[in-house]
Amino acid sequence: MLLVSLTGKTFYIKNTNQDFHSQYGYVKADELKKARPGTKVSTNTGHELIVLEPGFIDLYRRIRRAPQIIPLKDIGSIITQTGIGKDSVVVDAGTGSGGLALFLANIVKKVITYEIRDDFASVAEENVRFLNLKNVTVKRKDVYNGIDEKQTDLVTLDLAEPWKAVDAAHKSLKVGGFIVSYSPTTPQVSDFVEKVNSTEGLQHLSTAEIFEREWEVDKRKIRPRSQAIGHSGFLSFARKLAE
Ligand code: SAH
């Protein structure tokens, strides 16, 4: 269950058998159990909270984070530039907390994600269960040593040396499939694109940084929010044109 305050703050309630406590006061478990989505519950201090059924994005925003996860703005670009959808098979590396893998799993057929660290793989598996996804496989393997899956539609790379996974990605992809590399620094972009350009059958399509600037909208006080998101990473897109 999700409770939304009038100021837009959201609270996720995993267990409605327990009373809910917040800065807005508490709601008894009996009240929570009776509440239906779209209705309101009142706290003991008279604050009204709106009841919602949590959707994918509500749960996604609450996944456990071990290493930093990729921002939503960058995931958006990966989806739109490659056109992946319900029939696509995606290989992802490294898994980290599973941020990218989990989001893509919600829209594609299958995601297989590679992670060398057992502790991060376990965090990602916990997140897969939390989101109730049935189409994600976390493999405790070094992606630089190869990718088992063949005829895949997309390989996403978010790790320190993405160029080392280019040959494996090339072999894994079907003709027409895409590689997307996400890296915070320009030397990584340079080495990745150099590797793509020196690989017959692969073509570098584009490299971009996605800017998102949220605005504050309060009557006529409309201006960019002062705490803007800084740099996240560069996205480099490549396509397999031949074996
Ligand atoms: N995209 C993820 C974050 C990835 S962080 C998300 O959105 O949540 C990078 C991860 O790559 C780390 O967990 C690291 O352990 C893993 N990694 C580094 N080298 C790797 C390799 N050769 N094979 C598989 N995983 C690797």
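Okay, before I show the sheet, one convention: two strands count as paired if DSSP finds at least two bridges between them. Keep in mind that this is a predicted model.

So, the sheet. We've got four strands in an open arrangement, ordered S2-S1-S6-S5, and the pairing is antiparallel. Who sits at the edges? That's strand S2, residues 10-12, and strand S5, residues 40-42. Each has a single partner strand, so one side of each is left without a neighbour in the sheet. As for twist, neighbouring strands here are turned by 30° against each other on average, ignoring direction.

Quick reminder for anyone who's been staring at force fields all week: strands of a sheet pair through backbone hydrogen bonds, parallel or antiparallel.

Now zoom in on one pair. Strand S1, residues 2-4, runs antiparallel to strand S6, residues 48-52, and three bridges join them. If you want to find the register on screen, look for Leu2, which stands opposite Leu52 in S6.

Let's step back to the whole chain. There are seven helices and 15 strands. The C-alpha trace spans about 65 × 45 × 30 Å along its principal axes. How much of the chain is buried? Of the 243 residues, 46% are.

On contacts: take those with a separation of 6 or more, and 59% of them are between residues 24 or more positions apart.

Last, the surface and the charges. The chain exposes about 13100 Å², with carbon and sulfur atoms supplying 50% of that. It carries 34 positive and 30 negative charges, and the mean positions of the two sets are 5 Å apart.

Conventions: Residues numbered from 1 in each chain as written. Predicted model: local features only at pLDDT ≥ 70, side-chain atom pairs only at ≥ 80, totals over all residues. Heavy atoms only, no water. Helix = DSSP H or I, 4+ residues; strand = E, 2+ residues; numbered from the N terminus. Axes fitted to C-alpha atoms, helices over the stretch in contact; angles between N-to-C directions. Buried < 20%, exposed > 50% of the residue type's maximum accessible area, 1.4 Å probe, protein only. Contact = heavy atoms within 4.5 Å. Areas by Shrake-Rupley, 256 points an atom, 1.4 Å probe, with all protein chains shown as cover. Lys, Arg positive; Asp, Glu negative; His and termini not counted. Charge placed at Lys NZ, Arg CZ, Asp CG, Glu CD.
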